[in-house]
There are 2 protein chains.
Amino acid sequence: MTESQATRTLGAVLYPDFELLDVFGPLEMFGGVGPELAIVMVAKQPGEIASAQGPRSVAEYGFEDCPELDLVLLPGGIGTLPALGDAQLLEFLRRQAGHAELTMSVCSGSAILARAGLLDGLKATSNKQFFQLATSQSSAVDWVEEARWVEDGSFATSSGVSAGMDMALAVIAGLYGLERAEAIGARTEYEWHRDPFVKYLNQGTAALAALADEE
Amino acid sequence: MTESQATRTLGAVLYPDFELLDVFGPLEMFGGVGPELAIVMVAKQPGEIASAQGPRSVAEYGFEDCPELDLVLLPGGIGTLPALGDAQLLEFLRRQAGHAELTMSVCSGSAILARAGLLDGLKATSNKQFFQLATSQSSAVDWVEEARWVEDGSFATSSGVSAGMDMALAVIAGLYGLERAEAIGARTEYEWHRDPFVKYLNQGTAALAALADEE
């Protein structure tokens, strides 16, 4: 891929202890768009950064030298908790979201966007197991608990972890057409949930009961 | 996590241009097992290694200094083609699979295992869009085209990309119990396909027709 072929740049914004699938599920789908979409990874400083599950990834840009992004992808994960107090991260997100075509979050990433004040007046959602973490960041957001993902204005927020892949395919369908999204879903053998209010169809009753007990 | 808590070590074996979700979908699921399962990434040399989609990951071990693995995870991707001719990779896989409790592949990764002679006499599957790449490596393998994943002996092989997550949950259910697998599926909001012969339920007819035309 040459730089000149790319008409949009997507930047995944990493912070320590990000959730692996929040980043790499959507990047698998966006990677299927082809050379017209460049994908970069960004963190406070360029270099290695560890996920919540342990494996490390490499940010090629730091906040200071990151180019203007067209699409922003912000993951969740256990690292969300310290990230909520990271003024440089919040400022970077405000700066990029100010001009980005679309800013996306997966899982508890929407809590960080809400803390940055970026979701005020908009509909948004978040991970169902940590929903209050998101809602407690701002009461000016119209939180939609039952959604798997929500698009409003220049923001798209998804529920937990694997919901990010469904959001990514919906965003690809919007930007590049339904046929492209369907082809990517088929190639990755992914059963795309097209309904943003899809319910769990196939989970164990014991697991769901356990989650209900935690709430 | 301290080393002493881990009773098993899973190693993801990376090679240039590996498919992102083949690695990080299963690692998301295995990462949910907890501190009793250590996760490491391995490549020919330790250090940075680029995926097919561009983003780079970090291998903490090279083939020479890699410890004995209990679980091996081998991805597919466009990098499979040169990997089939990589004698050091094939030898590393033979050495690790010789003592591992379970060696897993996702997508075209099973073509590499077949080339290494490791699947002879066993049932196995592979990515449906590149199935012949796998079958052409060995006629002594009982290739099961209609399967989403197959477990046989100390090997588990899955179909393309997202099928690796279903295989991972099935393996976790076998090693750590169904309840643990269900809890991980629920926490990641992943709709686990428990049936290894599940069909696409929700794909676009246009995309499926296009794939059929390619075959």
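In the predicted model, the crossing between helix 1 and helix 6 of chain B is right-handed. The residues that make this contact are B:Asp22, B:Gly25, B:Pro26, B:Met29 and B:Phe30 on helix 1 of chain B, and B:Gly164, B:Met165, B:Ala168, B:Leu169 and B:Ile172 on helix 6 of chain B. Sorted by class, the contact of helix 1 with helix 6 of chain B comprises 7 nonpolar, 2 polar and 1 charged residues. Helix 1 of chain B covers residues 20-31, and its axis comes within 8 Å of that of helix 6 of chain B, with a crossing angle of roughly 30 degrees. Angles under 35 degrees count as roughly parallel, and helix 1 and helix 6 of chain B are therefore roughly parallel to each other.

Helix 6 of chain B has a further helical contact, with helix 7 (residues 178-187) of chain B. The two axes come within 6 Å and cross at roughly 145 degrees. On the side of helix 6 of chain B, B:Leu169, B:Ile172, B:Ala173 and B:Tyr176 take part, and they meet B:Leu178, B:Arg180, B:Ala181, B:Ile184 and B:Gly185 of helix 7 of chain B. The residues of this contact between helix 6 and helix 7 of chain B divide into 7 nonpolar, 1 polar and 1 charged. B:Leu169 and B:Ile172 of helix 6 thus appear in the contact with helix 1 of chain B and also in the contact with helix 7 of chain B.

The sheet of chain B is open and has 6 strands in the order 2-1-5-6-10-9, with mixed pairing. Strand 2 (37-42) and strand 9 (149-152) of chain B are at the edges and have a single partner strand each, so one side of each lacks a neighbour in the sheet. Direction ignored, neighbouring strands of this sheet are turned against each other by 15 degrees on average. Helix 6 of chain B, residues 163-176, packs on the sheet and touches strand 6 (102-105), strand 9 and strand 10 (155-158) of chain B. The direction of helix 6 of chain B makes about 150 degrees with that of strand 10 of chain B. Within the sheet, strand 1 (residues 8-13) and strand 5 (residues 71-74) of chain B pair in the parallel sense over 3 bridges. B:Leu10 has B:Leu71 of strand 5 of chain B as its bridge partner.

Chain A was examined in turn. An open sheet of 6 strands in chain A has the order 2-1-5-6-10-9, again with mixed pairing. The edges are formed by strand 2 (37-42) and strand 9 (149-152) of chain A, each with a single partner strand, so one side of each is without a neighbour in the sheet. On average, and with direction ignored, neighbouring strands of this sheet are turned by 15 degrees against each other. Strand 1 (residues 8-13) of chain A pairs with edge strand 2 of chain A in the parallel sense over 6 bridges. In that pair, A:Val13 has A:Val42 of strand 2 as its bridge partner.

At the other edge, strand 9 and strand 10 of chain A run antiparallel and are joined by 4 bridges. A:Trp149 stands opposite A:Ser158 of strand 10 of chain A. These two strands form a hairpin with 2 residues between them, and A:Gly153 in the turn has a positive phi of about 60 degrees. A further hairpin of chain A consists of strand 3 and strand 4, with 5 residues between the strands, where A:Gly54 takes a positive phi near 115 degrees. Strand 3 (residues 47-50) and strand 4 (residues 56-59) of chain A are antiparallel and joined by 4 bridges. The bridge partner of A:Glu48 in strand 4 of chain A is A:Val58.

Helix 6 (residues 163-176) of chain A lies across strand 6 (102-105), strand 9 and strand 10 (155-158) of chain A and runs at about 150 degrees to strand 10 of chain A. The axis of helix 6 of chain A comes within 6 Å of that of helix 7 (residues 178-187) of chain A, and the two cross at roughly 145 degrees. This contact involves A:Leu169, A:Ile172, A:Ala173 and A:Tyr176 of helix 6 and A:Leu178, A:Arg180, A:Ala181, A:Ile184 and A:Gly185 of helix 7 of chain A. By class, these residues divide into 7 nonpolar, 1 polar and 1 charged.

As for confidence, the model scores ipTM 0.89 and pTM 0.91. Chain A averages a pLDDT of 90, and 90% of the residues score at least 70. Over residues 200-209 of chain A, pLDDT stays under 50, and the model has 17 contacts beyond four places in sequence for this stretch.

Key
Residues are numbered from 1 along each chain as its sequence is written. Chains are lettered from A and ligands numbered from 1 in the order in which they are written. This is a predicted model: local features need pLDDT of at least 70, side-chain atom pairs count only at pLDDT 80 or more; totals for chains, interfaces and linings use all residues. Two strands pair if DSSP finds at least two bridges between them. Axes are lines fitted to C-alpha atoms, for helices over the stretch in contact, and angles run from 0 to 180 degrees between N-to-C directions. Two residues are in contact if their C-beta atoms, placed from the backbone, lie within 7 Å. Angles under 35 degrees count as roughly parallel, over 145 as roughly antiparallel, 65 to 115 as roughly perpendicular and the rest as oblique. A crossing is left-handed if the near helix is turned anticlockwise from the far one by less than a right angle, and right-handed if clockwise. Ala, Val, Leu, Ile, Met, Phe, Trp, Tyr, Cys and Pro count as nonpolar, Asp, Glu, Lys and Arg as charged, and the others, Gly among them, as polar. pLDDT is the predictor's confidence in each residue, from 0 to 100.
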